[in-house]
Amino acid sequence: MIELDGQAGGGQLLRTALSLSLCTGIGFTMQHIRAKRPRPGLLRQHLTAVGAAATVGQARVDGAELGATTLRFEPGSVVAGEYRFATGTAGSTTLVLQTVLPALWRCDAPSRLRLEGGTHNPMAPSADFLADTYLPALRHIGVDAALTLEKHGFYPAGGGVVHATVEPAGSLRQCTFDARGELLSIEAVALMSALSGSIGRRELAVLGERLGLPEAAMRLQRVQPAIGPGNTVLVRVRHAGHVETFAGHGERGVMAEQIAERLANEVREYLDADAHVGEHLADQLLLPMALAGGGAFTTTTVSDHLRSNAALIEKFLPVEIAWQQQAAHSWRVTVSP
């Protein structure tokens with residue numbers, strides 16, 4: 001058993017610990033889970049991730065209760081198969097998938113998953129990000145997984161559905177992501193559910209001006225059926241060697257122009273940097289690279305999430321994760337044995 005302190009981060013530390021526990025067979029006890037968050041302890045989407053990990057890994061769990069700040073997890077044998085997991089709220093389906101994905105790709109048979117809940121939430125990768133950015137990056141490492149979106153789910157109503165397939169990966173490859181190649185295209189999509197289309201058009205107008213997009217590169221998409229009000233605006237930046245997906249989410253009391261401005265700033269920072277992957281993908285590449293035994297990538301920033309995630313990974317696996325700044329908005333991150 002490994003003793004872990006969860007107060008240095010949020011739910012990502014717990015999900016990483018669950019993934020690594022399933023992959024290594026090492027159990028853990030985590031204390032002070034999300035202790036510094038406004039609502040400390042386990043929320044419903046964290047409990048769904050714990051339950052999913054326990055199900056696929058036939059694990060013993062103590063402390064899996066709403067609001068709990070201590071959890072004990074003892075993994076068993078991971079079993080491939082057909083699974084269905086539901087958060088019961090707008091809790092993120094993608095975060096649950098990322099928790100069990102590494103364990104399932106190590107199985108000797110394929111798995112199929114149906115996940116119900118939020119698909120486009122603040123503070124979580126969107127379903128589009130996983131399908132267009134995260135999973136294609138994993139294919140370079142040797143992971144064959146796919147995601148399809150059946151139904152959108154926005155905060156707070158949820159109601160979304162995604163389907164995932166995971167094939168046996170065999171041995172993983174050590175990869176270097178440091179040259180994204182020539183810029184091919186930038187496109188923006190405003191997703192609207194039970195809200196006026198004028199909101200999305202205002203968002204697209206700002207993005208078009210800030211990023212120099214022609215009308216043909218911008219699209220308003222109405223989500224049907226509209227389970228509840230929601231708005232997400234996506235920007236896909238396609239280079240010859242990589243696609244980076246950015247998302248901004250509508251907020252009550254925040255003007256559409258402000259949402260689009262924040263998103264445009266994030267995209268602009270990525271375009272102006274000499275880095276392969278964006279901030280969020282950088283956090284999520286560490287674990288598969290560590291399981292592969294090594295790798296490297298360049299990114300726009302080394303976030304607190306990346307630092308805390310790296311420290312936790314090093315407790316489970318015999319790897320060293322380091323980073324060095326190369327320019328104002330470019331860092332090189334290496335994972336080595």
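In which sense do strand 10 and strand 11 pair, and over how many bridges? The close-up views below come from a predicted model, and the first one takes up this question.

**View 1. Strand 10 and strand 11 pair in the parallel sense.** Strand 10 covers residues 183-193, and strand 11 covers residues 218-222. They are paired over 5 bridges. Met 192 has Arg 222 of strand 11 as its bridge partner. Between the two strands, the chain passes through helix 5. This β-α-β crossover is right-handed.

**View 2. Strands 11, 10, 12 and 13 form an open sheet, in that order.** The pairing in this sheet of 4 strands is mixed. Strand 11 and strand 13 (242-249) are at the edges. Each has a single partner strand, so one side of each lacks a neighbour in the sheet. From one strand to the next, the twist averages 20°. Strand 12 and strand 13 run antiparallel and are joined by 8 bridges. Within this pair, Val 233 has Gly 248 of strand 13 as its bridge partner.

**View 3. Helix 5 and helix 6 lie against strands of this sheet.** Helix 5 packs on the sheet and touches strand 10, strand 11 and strand 12. The direction of helix 5 makes about 160° with that of strand 10. Helix 6 lies across strand 10, strand 12 and strand 13. Helix 6 runs at about 160° to strand 13.

**View 4. The second largest pocket is lined by 21 residues.** Its volume is about 440 Å³. Leu 195, Asn 231, Gly 250, Glu 251 and Arg 252 are the lining residues nearest the centre. Which elements give two or more residues to this lining? They are helix 5 (197-211), strand 12 (230-239) and helix 6 (256-272). By class, the lining has 11 nonpolar, 6 polar and 4 charged residues.

**View 5. Another open sheet has 4 strands in the order 1-2-4-3.** Its pairing is mixed. Strand 1 (2-5) and strand 3 (60-62) are the edge strands, and each pairs on one side only. Neighbouring strands are turned by 15° against each other on average, direction ignored. Strand 2 (residues 28-31) and strand 4 (residues 71-74) run antiparallel, joined by 3 bridges. In this pair, Met 30 stands opposite Leu 71 of strand 4.

**View 6. Helix 1 and helix 8 lie across strands of the 1-2-4-3 sheet.** Helix 1 (residues 11-24) lies across strand 1, strand 2 and strand 4. Its direction is at about 175° to strand 2. Helix 8 (residues 304-316) lies across strand 1 and strand 2. Helix 8 runs at about 175° to strand 1.

**View 7. Two cis peptide bonds precede Pro 156 and Pro 225.** Most residues other than glycine have a negative phi, and most peptide bonds are trans. Tyr 155 and Pro 156 are joined by a cis bond with omega of about 5°. Pro 156 sits in the loop between strand 7 (145-151) and strand 8 (160-166). A cis bond also joins Gln 224 and Pro 225, with omega of about -5°. Pro 225 lies in the loop between strand 11 and strand 12.

**View 8. Arg 34 has a positive phi.** The value is about 50°, although Arg 34 is not a glycine. Where is Arg 34 placed? Arg 34 is in the loop between strand 2 and helix 2 (44-56).

Notes
Residues numbered from 1 in each chain as written. Predicted model: local features only at pLDDT ≥ 70, side-chain atom pairs only at ≥ 80, totals over all residues. Heavy atoms only, no water. 1 Å grid on protein atoms, 1.4 Å probe; cavity = no way out; pocket = protein on both sides within 12 Å on 5 of 7 lines; lining within 4 Å. Points joined across faces, edges and corners; volume = space filled by probe spheres on them. Nonpolar A, V, L, I, M, F, W, Y, C, P; charged D, E, K, R; others polar. Pairing = 2+ DSSP bridges. Right-handed = clockwise from strand over helix to strand, strands pointing away. Axes fitted to C-alpha atoms, helices over the stretch in contact; angles between N-to-C directions. Contact = heavy atoms within 4.5 Å.
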